[in-house]
Amino acid sequence: MTDHNIWIGAAYQASSPKVLILGESDYGGTDPLVTYVPQWLDKKHRDYSFARISNAFGSSLPRDKFWHQIAFYNFVPGMVGESRNDRPTKSLYQRAQSVLPDVLNYLKPDGVLILGIEQSEYSQPVLIELGIAHAISPHPAARGLKNERLTAAWDNFMQVLKARG
């Protein structure tokens with residue numbers, strides 16, 4: 001599945017539970033995640049969203065260990081614009097719905113944490129149809145969002161996974 005821009009941590013397959021964090025979209029044109037994430041982990045890039053994900057969801061782990069245990073994929077493939085103010089269109093969300101099952105089949109996550117209320121309207125029905133455990137978190141780049149809300153979303157997600165056994 002080399003045609004999709006997916007980050008798969010080195011320890012993802014051995015992780016329990018296997019967690020996919022489903023981002024929303026990309027803007028500004030970055031390197032593929034397989035290149036970008038290691039560079040970010042080596043502090044060659046600054047990334048507000050990735051830093052917030054690490055701080056809120058993996059706070060008890062060093063950020064490299066956290067990122068090596070998860071998979072990350074942006075629901076809407078490709079770049080949606082030049083700045084974070086550029087939003088995916090309805091047609092981009094709908095197109096993403098048709099791609100997501102292939103990504104999920106490839107990764108076989110035990111659970112998916114959806115980042116973003118808006119995109120969950122399109123991604124959640126796919127997860128429900130496939131019977132994959134999931135929870136929804138506000139997007140880490142949301143203005144005015146406190147880390148406590150992100151951490152609460154992660155804790156809720158972990159409870160969902162625990163309940164599924």
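Helix 4 and helix 5 run roughly parallel to each other, since their axes cross at roughly 30 degrees and angles under 35 degrees count as roughly parallel. Keep in mind that this is a predicted model. The axes of this pair come within 10 Å, and the crossing is right-handed.

Who meets whom here? From helix 4, the residues in contact include K90, Y93 and L104; on the helix 5 side, Y122, V126 and L130 are among them.

Now for helix 4 by itself. Here are some of its numbers:

| Feature of helix 4 | Value |
|---|---|
| Span, first C-alpha to last | 25 Å |
| Expected span | 26 Å |
| Bend at S98 | about 35 degrees |
| Phi of K108, just after the helix | about 50 degrees |

The helix covers residues 90-107, 18 residues in total. After the bend at S98, a proline, P101, follows within four residues. Just past the end of the helix, K108 takes a positive phi.

Several helix 4 residues are tucked away: Y93, A96, V99, L100, V103, L104 and L107 are buried. What covers them includes helix 5 (117-130) along with strand 1 (6-8), strand 2 (19-23), strand 3 (70-74) and strand 4 (111-115).

Let's finish with one residue elsewhere, A135, which is found in strand 5 (residues 133-137). Is A135 buried or exposed? Its relative accessibility is 5%, so A135 counts as buried. Leaving aside residues up to four places away in sequence, A135 touches V112, L113, I114, N156 and F157. A135 and I114 are 21 residues apart along the chain, yet their C-alpha atoms are separated by 6.2 Å.

Definitions and conventions
Residues numbered from 1 in each chain as written. Predicted model: local features only at pLDDT ≥ 70, side-chain atom pairs only at ≥ 80, totals over all residues. Heavy atoms only, no water. Helix = DSSP H or I, 4+ residues; strand = E, 2+ residues; numbered from the N terminus. Expected span 1.5 Å × (residues − 1). Bend = angle between axes of the 7 residues up to and from the residue. Buried < 20%, exposed > 50% of the residue type's maximum accessible area, 1.4 Å probe, protein only. Contact = heavy atoms within 4.5 Å. Axes fitted to C-alpha atoms, helices over the stretch in contact; angles between N-to-C directions. Parallel < 35°, antiparallel > 145°, perpendicular 65-115°, else oblique. Left-handed = near helix turned anticlockwise from the far one by under 90°.
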